[in-house]
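Visitor: I would like a close look at a single part of this protein, the lining of a pocket. After that, please walk me on to the other sites you can describe.

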Amino acid sequence: MLIKSAASIPTRRVNAEWFTGTVWQDPVAEPPAPTRAKSALVSFEPGARTNWHHHPLGQSLYVVSGTGRAQVWGQSVIQLNPGDRVWIPPGEKHWHGASPENGMVHLAIHESDATGNHVTWLERVTDEQYAQKPGV
Ligand code: MN
């Protein structure tokens with residue numbers, strides 16, 4: 001058994017190439033090989049969101065706090081609320097983030113493929129795309 005203290009794991013700023021706005025990430029689970037599942041707590045400031053992207057083996061999100069937004073390519077923007085569970089199937093192009101007025105924190109869980117990749121990053125979510133009113 002390996003226990004890491006919280007104080008030994010710094011909160012890190014995500015790569016600004018792949019996100020709009022300020023986003024912080026706290027690794028929750030990054031076990032060594034051969035385990036491929038990883039988890040991170042991700043904190044978006046109001047207005048912050050991921051780029052469009054997809055995951056080779058899908059992704060689960062658990063909304064911890066705040067008010068969020070998510071969208072699948074070609075579909076309407078949806079609102080995310082605390083306690084919501086989201087499953088994004090392999091290869092589905094999407095984004096997720098905070099609402100314009102509130103921050104949002106979610107737990108993300110995903111698995112890497114045989115090459116070690118768990119995400120393919122695409123273009124930014126434009127302000128116009130982000131400004132769509134969420135459906136219910
Ligand atoms: Mn995702």
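**A pocket lining, and beyond**

Guide: Happy to. The lining of the second largest pocket divides into eight nonpolar residues, three charged residues and no polar ones. Please keep in mind that this is a predicted model. The volume of this second largest pocket is about 230 Å³. Its lining is made up of Leu2, Ile3, Lys4, Ile9, Arg12, Pro27, Val28, Ala29, Glu30, Pro31 and Pro32. The charged members are Lys4, Arg12 and Glu30, because Asp, Glu, Lys and Arg are the residue types counted as charged. Strand 3, which covers residues 23-29, is the biggest contributor here, with three residues.

From there, let us turn to the largest pocket, which has a volume of about 440 Å³. Its lining comprises 26 residues, and those nearest the pocket centre are Phe19, Gln25, His110, His118 and Trp121. Two or more lining residues come from each of strand 1 (12-13), strand 4 (37-44) and strand 12. Of these, strand 4 provides the largest share, five residues. By class, the lining of the largest pocket holds 13 polar, nine nonpolar and four charged residues, whereas the second largest pocket has no polar residues in its lining.

Now for the metal site. The manganese ion has five protein donors: the NE2 atoms of His53, His55, His94 and His96, together with OE1 of Gln59, at 2.1 to 2.2 Å from the ion. Along the sequence, these donor residues follow the spacing H-x1-H-x3-Q-x34-H-x1-H. Within this set, Gln59 and His96 link distant parts of the chain: Gln59 belongs to strand 7 (residues 59-66) and His96 to strand 11 (residues 94-98), with their positions 37 residues apart in the numbering. Both Gln59 and His96 are buried.

Strand 11 also leads us to a last stop, Ser99. This residue sits in the loop between strand 11 and strand 12 (104-111). Is Ser99 buried or exposed? Its relative accessibility is 1%, so Ser99 counts as buried, the cut-off being under 20%. Leaving aside residues up to four places away in sequence, Ser99 touches Pro46, Gly47, Thr67, Gly68, Arg69 and Tyr130.

Technical notes: Residues numbered from 1 in each chain as written. Predicted model: local features only at pLDDT ≥ 70, side-chain atom pairs only at ≥ 80, totals over all residues. Heavy atoms only, no water. Donors = N, O, S within 2.8 Å, 3.2 Å for Na, K, Ca; no water. Helix = DSSP H or I, 4+ residues; strand = E, 2+ residues; numbered from the N terminus. Buried < 20%, exposed > 50% of the residue type's maximum accessible area, 1.4 Å probe, protein only. Contact = heavy atoms within 4.5 Å. 1 Å grid on protein atoms, 1.4 Å probe; cavity = no way out; pocket = protein on both sides within 12 Å on 5 of 7 lines; lining within 4 Å. Points joined across faces, edges and corners; volume = space filled by probe spheres on them.
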